[in-house]
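Student: Could you take me through this model step by step, giving the criteria behind each term as it comes up?

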Amino acid sequence: MSEMPEDVRTALERHLIEYCYAVDGLQGVEPLLALFTDDAVADFSAIGLPAMKGRDEIGAFYRAVFADMTHHFHFISNFRPDGWDANGDGGGGVAAMTAYVIGMGAAKDGSSITVQVKYRMECVQQGGAWKCRHYAITPMMPMPGSLAEVHGSR
Amino acid sequence: MSEMPEDVRTALERHLIEYCYAVDGLQGVEPLLALFTDDAVADFSAIGLPAMKGRDEIGAFYRAVFADMTHHFHFISNFRPDGWDANGDGGGGVAAMTAYVIGMGAAKDGSSITVQVKYRMECVQQGGAWKCRHYAITPMMPMPGSLAEVHGSR
Amino acid sequence: MSEMPEDVRTALERHLIEYCYAVDGLQGVEPLLALFTDDAVADFSAIGLPAMKGRDEIGAFYRAVFADMTHHFHFISNFRPDGWDANGDGGGGVAAMTAYVIGMGAAKDGSSITVQVKYRMECVQQGGAWKCRHYAITPMMPMPGSLAEVHGSR
C-alpha cells in the first residue's frame, strides 16, 4: 500500500479511541452509531458473536449489550495502518487501521469478562468526517467460553 | 469547547505519561510533585481514597503509598481532550485531558491490586511548562474492596 | 540529553509497535529480525531469560518461543524518550526509547502467562530505516515463576 498520510492516521487513531469512549459510556447507542456509515458491517464472528450489516442491526446489538452491562472498559493501543487507497470511495480515500484492545465488562448478573483482541476499522470520509464502514474483531488470546453467553445469544 | 491545539494536546499526553513514570519510580515524591501546581487538587474520592488540596497533602499521600509499595505499574492510553479554554488562567490557557489507566501495585505485605480507572487532569502553564491543577480518578470497572485498605486508611 | 526530534520519536514509537506485531504474528522470525542490527544485543536477564548477542542468537531464541506458543499479545504504551545523541553512530544519531508492555502468551501445553514489563530499545539508522541495536526488558511487577519454564530453559 502507499503510505497513509499523517493526518489520516491521526484521524483514524482518534476515531478508534472515540469508539472506545462511546462503547464504555453505556449511555445510549447514538454516539456510537454516529461513528459508522449507514451500511457499515460489524463482523464479530471471529470471536463467536454476530456479524451485522447496517446501523439498525449494529444499534440493536449494542442496545442489548448496554442493557445488560454495568461497566465497560475498552483499552486500546498498538495502532498500525493496515491499508490506504487515496483514490478509493470515489476519491475521498479509504483508510484502514488495526489496534490491540483489552476489553472488559461487568454485567448486571454479577459476571465479568476480559478479552484481548485486535480491532480493524476501514473508514471513509462523509461530510468531512471519517466514518467506519467495516469493523472486525479478531482474537489475540484464547477467548473465554462465556463471551457468547454474555453478548452473543441474541 | 474550541478544539485543543495539537501542541497542547501532545504536551498533556506527555504530562500524563510523566506522571505514570513518576508514580511507578517509587523513588521519592519530588519528581511527581513537580508535575502539579502548588495549590493542586487531587480528588480520589470516587475510588474510595482521599481528596487532597495542595502539594503538601498530595506529597504526604504519595510518601505513605511509596513507603508501602514494592512495585507500581500505571499503564495509560485512550487519551482524549476534555476541555480547552485558550483565554483561561489569565491568558495562558487551561487544558483538560482524560485517559484510561490500568493501575497495578504490589505491597510489602505481599498483597497486590489491579484497578481500571479514568484519569482527568486539568492543566495550566507555569514558567513555560504545563502543571496539573486538578486531578481526578474515576472507576471504570468495579473497584476491589482492598484498595482503601492498601492506599486509603491514612 | 538534548531533546529527541519529533520525527525520530515517532519513528521509534512505531518501531516498538512493529516489534509487538512481529512477536505476536508467530509466523516466522524474519520480520522480527529485520527490526534489529546484525550485532544487536537482546538482554532479557532482568526477567530471568537469556542475554543474547547478534541476529543468530536472537533468531534462535524466538524460533524456539514461536514453536511453543499458540497465542501472543504484547500491548504497548507509555512511550518515553530515554536518550538522544544526534552525533552518535558516525553522525546518523542514536535514539533510545522506553515503553510499558503487558505481555501475554498461551503455550501449546495449555499454560498461559502474563507479565508487566518495561522495554528499552536503543536504535540507529541503517539504510534509511531505524534498527534496534540494544533491547532490554525489565520487570515492573513481580514476575511469575513460570516464565523461565515457558521461555527460558533453552
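The questions below go from one chain to one helix and then to the contacts between chains.

Tutor: This is a predicted model, in which local features need pLDDT of at least 70, side-chain atom pairs count only at pLDDT 80 or more, and totals for chains, interfaces and linings use all residues. Residues are numbered from 1 along each chain as its sequence is written, while chains are lettered from A and ligands numbered from 1 in the order in which they are written.

Student: Along the sequence, which pattern does chain A follow?
Tutor: Helices (H or I, at least four residues) and strands (E, at least two) are taken as DSSP runs and numbered from the N terminus. On that basis chain A has four helices and six strands. Read in order, the pattern is α-α-β-β-α-β-β-β-β-α.

Student: What is the radius of gyration of chain A, and what does the globule rule give for 154 residues?
Tutor: The radius is taken over C-alpha atoms, and the globule rule is 2.2 Å times the number of residues to the power 0.38. Chain A is as compact as a globular protein of its length, because its radius of gyration is close to the value from the rule: 15 Å against 15 Å.

Student: What percentage of the residues of chain A count as buried?
Tutor: A residue is buried if 20 or more other C-beta atoms lie within 10 Å of its own, exposed if 12 or fewer, and partly exposed in between, with C-beta atoms placed from the backbone. Of the 154 residues of chain A, the buried share is 35%.

Student: Why does the distance between the end C-alpha atoms of α1 of chain A agree with its expected span?
Tutor: The expected span of a helix is 1.5 Å times one less than its number of residues. Helix α1 (residues 6-25) of chain A has 20 residues and should therefore span 28 Å, and this agrees with its end C-alpha atoms, which are apart by 29 Å.

Student: The buried residues of α1(A) pack against elements of chain A together with which element of chain B?
Tutor: The buried residues of α1(A) include Val8(A), Leu12(A), Leu16(A) and Tyr19(A). Packing rests on contact, which two residues make if their C-beta atoms, placed from the backbone, lie within 7 Å. Within chain A the partners are α2 (30-33), β3 (69-85), β4 (94-107), β5 (112-126) and β6 (129-139), and the element from chain B is β3.

Student: Where chain B touches chain C, which element of chain B gives the most residues?
Tutor: The contact takes 11 residues from chain B and nine residues from chain C. On the chain B side, α1 (6-25), β3 (69-85) and β4 (94-107) each supply at least two residues. With five residues, the element that gives the most is β3(B).

Student: How are chain B and chain C related, and which residue of chain B has the C-alpha nearest the axis?
Tutor: Copies are superposed by least squares on the C-alpha atoms of residues with pLDDT of at least 70 in both. A rotation of 120 degrees with 0.0 Å of shift along its axis lays chain B on chain C, with an RMSD of 0.0 Å, so the two copies are related as by a three-fold rotation axis. At 3.8 Å from that axis, the nearest C-alpha in chain B belongs to Ser77(B).

Student: On the side of chain B that touches chain A, which element gives the most?
Tutor: Here nine residues of chain B are in contact with 11 residues of chain A. Both β3 and β4 of chain B supply at least two residues of this side. The element that gives the most, with three residues, is β3(B).
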